[in-house]
Amino acid sequence: MDKTFHIVTFGCQMNVGDSDWLARALVSRGWRQTPEQDAWLFVVNTCSVRDKPEQKVYSELGRLAAYQRKKPGLTAAVGGCVAQQIGRGFFERFPFVRLVFGSDGIAAAPDALDRLAEDASARIALLEFLGAYPERQDVLTLPGAVTPAFDADAGAPDADVPGKPAQAFVNIMQGCDNFCAYCIVPYTRGRQKSRAPEAVLDECRTRVEQGAREITLLGQNVNSYGLDPTATGTGADAAGGLGFAELLRQVAAIPGLLRLRFTTSHPKDIDPAVIRAFGELENLCPALHLPLQAGSDAVLKRMGRKYDRARYLAIVADLRAARPDLALTTDLIVGFPGEGEDDFLQTLDMMELVRFESSFSFRYSDRPGVAAQRMQPKVPDAVGQERLLRLQSLQNGITKQTLKALEGRETDVLLEAMSRRQDEGETFWRGRDPGGRVVNVRMPGERMPGADIAGSPLCGQMVPVRILEAKNHSLLAELCWGKR
Ligand code: SAH
Ligand code: SF4
Ligand code: F3S
């Protein structure tokens with residue numbers, strides 16, 4: 001097989017990070033990343049969190065099967081959460097799939113792919129969970145291992161002109177021990193395993209040296225970093241007793257790092273020291289994604305979330321006392337088994353009490369093997385759909401009001417890429433403010449000192465702006481050099 005590859009990524013930021021690592025590792029071994037029509041190897045990195053993303057994987061593989069009939073020899077590798085779930089089943093259903101790898105197996109995927117390129121009959125499954133965080137080959141400093149471009153459909157930034165990686169995502173842990181009743185993640189990503197702090201700090205330093213201005217620390221449940229009770233040399237031992245708050249402090253102290261973020265947090269584990277950090281660490285951004293999931297105590301209990309409304313509201317109050325401009329966002333599920341209209345009204349009520357800036361809301365989706373699969377009664381589709389619309393319409397109103405309140409304010413934007421929006425004679429760049437809100441910045445060339453607006457030097461620059469106008473889900477701004 002010719003060593004050309006194309007990666008399609010579904011799912012969360014962890015999968016995006018995994019695909020990025022795999023692409024760098026392959027490029028450093030002499031593989032070439034190509035557009036889809038030139039690739040002999042397709043890597044499909046998959047998500048299983050709800051039924052819909054799982055179905056997308058089968059339709060993508062169905063599409064590749066049709067393509068493979070025209071291009072015999074085309075090979076696919078399936079990674080991520082659906083691969084962990086279905087495993088070797090993919091070999092039977094789609095014979096051109098010759099590698100399946102799970103979240104721990106990915107560390108060995110580059111070797112496996114080299115073998116497949118040599119041996120056309122080989123089939124490899126990398127599905128074992130390991131006892132400790134599987135530290136992967138450091139690909140950041142290898143020659144040739146540049147950040148490859150991502151497939152625009154795969155959840156990558158919706159940019160027209162990608163630029164230098166001003167933002168980096170750094171894994172600090174893998175897996176999850178919470179077993180929330182609806183969630184498949186603990187089965188697909190395995191038990192929680194913290195990564196050694198030296199490895200986290202080394203990667204962060206390298207990223208900053210390579211031009212990253214913003215780092216997001218990643219894990220399914222970052223607040224329990226270092227608390228995993230696993231075998232010697234892992235978890236609490238690996239983290240050397242260092243908790244998440246201390247890790248944040250050490251990363252924040254890296255010279256040249258302008259912004260630090262982290263995701264995702266579980267409310268039950270948020271430490272007072274982490275809350276205080278929002279008021280103390282200058283480069284820790286005032287933004288927190290704190291999944292609430294439901295507003296009814298009875299539903300939270302059945303979900304196994306281990307906090308109630310009162311506790312969640314108390315955390316929010318403490319956070320806002322530490323950092324009054326904190327932008328809070330959340331995840332919500334409607335139609336969990338047994339959710340009645342009264343329960344749902346409690347979710348609407350929490351939305352109004354907390355006034356989240358934005359939220360991701362989902363209809364409950366039955367996943368194989370999770371506790372909620374056996375819970376009754378299931379909420380009918382039409383009822384779930386209607387609740388979702390009511391919830392989203394309430395959120396849209398709140399989002400609009402919170403964005404509107406920012407009009408006229410001055411803030412900083414870290415530019416990410418040229419924006420889709422380009423008006424005649426004007427260039428717009430897209431970036432984010434410290435709260436994580438998307439800002440489109442108007443760029444009249446003459447007022448941007450030392451930058452070439454046609455190229456990428458703007459990318460990764462922090463610029464001062466004034467917010468001109470709130471759009472439905474983003475902000476429009478102009479530069480305001482020297483006006484402050
Ligand atoms: N570890 C993260 C997020 C995991 S998945 C956390 O705990 O916050 C991302 C979101 O998907 C969850 O927050 C939840 O809102 C949603 N989700 C997970 N399983 C789901 C299911 N079976 N049906 C609908 N939504 C689900
Ligand atoms: Fe899933 Fe809960 Fe773990 Fe998040 S904390 S990944 S929702 S089990
Ligand atoms: Fe999806 Fe797995 Fe991430 S289920 S959300 S890709 S952890």
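These legends go with close-up views of a predicted model, taking in two ligand shells and one helix.

**View 1. What sits around ligand 3.** The residues surrounding ligand 3 are C12, N15, T46, C47, S48, V49, C81, V185, R189 and Q220. Sorted by class, that shell comes out as five nonpolar residues, four polar ones and one charged. Both domain 1 (4–126) and domain 2 (155–402) chip in, each giving at least three residues to the shell around ligand 3.

**View 2. What sits around ligand 2.** Here the neighbours are C176, N178, F179, C180, Y182, C183, V185, P186, Q220, H266 and R305. The class count for the ligand 2 shell is seven nonpolar, three polar and one charged. If you're flipping between views, V185 and Q220 appear around ligand 2 and again around ligand 3.

**View 3. Helix 12 and its length.** Helix 12 takes in residues 309–322, 14 residues in total. At 1.5 Å a residue the helix should span 20 Å, and its end C-alpha atoms are indeed 20 Å apart, so the two values agree.

**View 4. The two sides of helix 12.** The buried residues in helix 12 are R309, Y312, I315, V316 and L319. Around the axis they cover an arc of only 130°, so they lie on the same side of helix 12. Look at the face turned away from that buried side and you'll find the exposed residues A310 and A321.

**View 5. What covers helix 12.** The buried residues of helix 12 are covered by elements including helix 10 (272–280), helix 11 (297–303) and helix 13 (341–354). Strand 12 (287–289) and strand 13 (327–334) are also part of that cover.

Terms used:
Residues numbered from 1 in each chain as written. Chains lettered and ligands numbered in written order. Predicted model: local features only at pLDDT ≥ 70, side-chain atom pairs only at ≥ 80, totals over all residues. Heavy atoms only, no water. Near = heavy atom within 4 Å. Nonpolar A, V, L, I, M, F, W, Y, C, P; charged D, E, K, R; others polar. Domains from an automatic or database assignment. Helix = DSSP H or I, 4+ residues; strand = E, 2+ residues; numbered from the N terminus. Expected span 1.5 Å × (residues − 1). Buried < 20%, exposed > 50% of the residue type's maximum accessible area, 1.4 Å probe, protein only. Arc of directions from axis to C-beta. Contact = heavy atoms within 4.5 Å.
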